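Notebook open, starting from scratch with this one. I want to look up a few spots and jot down what turns up.

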Amino acid sequence: MAKYNLPQSVSYEAADNTLVILDQQKLPQEIVYLSLTSLEEVWQSIKELKVRGAPAIGIAAAWGLALHIQKQASGGVELDSIFQLARSYLASSRPTAVNLFWALDRMARCWELGLAQSQSLTALKAALLGEAAAIQEEDAAMCAAIGEHGLSLLEPGMRLLTHCNAGALATARYGTALAPIYLGQERGYNFSVFADETRPLLQGARLTTWELQQAGVEVTLICDSMVARLFTQFKIDAVLVGADRIAQNGDTANKIGTQGVALLAQHFKIPFYVLAPTSTVDPATPRGEAMVIEERDPTEVTTIGGVTVAPAGVKVYNPAFDVTSAALISAIITEKGVYSYPYMF
């Protein structure tokens, strides 16, 4: 599909039963691939955002669970206990991104089916590897479909703003919010993209700008605090963002700062689009206020690049996500099509 080399965030090496991830904490200064061989390493990589983005987290967890079971030598009740403990452990890595739980639940259904059919240990192991591979392959196909549907709302030459990173690095391939940009790049749309830095971890500055540059997309970096000025001084045609969890009514959890961008987009009458696979929709969450929002280490706020920028002992509030009301969202684009408010998932 792509005429350029999109980064591969997660891959499984069957020869040595290893999960390989692109360490996103090192980008853009270094391109470092990590070989993960244990459940603990997979958990840590998700927790520390070495692999990040809701779909990529789910994919990594699925492979991590399959990888862990490959190492087991005995079956029966003991093996089932090992599986369930590993599943719960991986689920504890991050609480907000629903794809993590969706992927682990899917692996659990595969496991339970194999147990119900009295499959051999070899067959159970093979089934888990196959399911993890299917999750990754299906995500790539879903991202391509999201890109097609998203591109149908855009026109050549548009100026677009994106928040955080919802590109190839955050998925199996292509991305969600960036997928229509990549398709447009192939087809000569010549989009001009603005990426905000996305404090405190700078995913927009470090990751989105880097991967858009790899694809030859015109990209301009701005600070988060410059969005209102950007909307005043430039004709921004649309905002494209991803999602970590979508409630039944369309309320959407995404990287912290998304809600503020949505409020500004409403004020300036700029379309605000959320692009995500249907696996991000959480049927157990009726509205946004029911979502659990992850709070992270205060040092992410008090330091930048290892340099302390705040006085010692200052109190810190560091939520990783905020919730954008469905009423602020112009459309939610999934692999199944374009949905308009009021949303009924």
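I started with Thr162 and asked: is Thr162 buried or exposed? Thr162 comes out as buried, because its relative accessibility is 1% and the cut-off for buried is under 20%. I should keep in mind that this is a predicted model.

Next I looked up where Thr162 sits, and found it in strand E4, which covers residues 159-162. Then I wanted its contacts: which residues does Thr162 touch, leaving aside neighbours within four places in sequence? The list reads Ala177, Leu178, Val193, Phe194, Ala195, Asp196, Thr208 and Leu240.

On to the cysteines. How many disulfides does the count come to? I got 0 disulfides, going by the rule that two cysteine sulfur atoms must lie within 2.5 Å. I checked Cys143 in particular: Cys143 is in no disulfide, and the nearest cysteine sulfur, that of Cys164, is 15 Å away. Cys143 is also buried, with a relative accessible area of 1%. I looked at Cys110 too, and Cys110 counts as buried because its relative accessible area is 15%, with the limit set at under 20%.

Last stop, the surface. I found a nonpolar patch there, formed by Ile304, Val307 and Val309. Together these three have about 250 Å² of accessible area. I picked out Ile304 for a closer look: Ile304 lies in strand E11, residues 303-304. Its relative accessibility is 38%, so I noted Ile304 as partly exposed, since that class runs between 20% and 50%.

Notes:
Residues are numbered from 1 along each chain as its sequence is written. This is a predicted model: local features need pLDDT of at least 70, side-chain atom pairs count only at pLDDT 80 or more; totals for chains, interfaces and linings use all residues. Side-chain values use heavy atoms; hydrogens and water are left out. Patches are made of residues with over 30% relative accessible area and no salt bridge: like charges are joined within 9 Å, nonpolar side chains (Val, Leu, Ile, Met, Phe, Trp, Tyr) within 5 Å. Accessible areas come from the Shrake-Rupley method with a 1.4 Å probe; for residues, only the protein chains shown count as cover. A salt bridge is a side-chain nitrogen of Lys or Arg within 4 Å of a carboxyl oxygen of Asp or Glu. Helices (H or I, at least four residues) and strands (E, at least two) are DSSP runs, numbered from the N terminus. Buried means under 20% relative accessible area, exposed over 50%, partly exposed in between (1.4 Å probe, protein chains only). Contact means heavy atoms within 4.5 Å.
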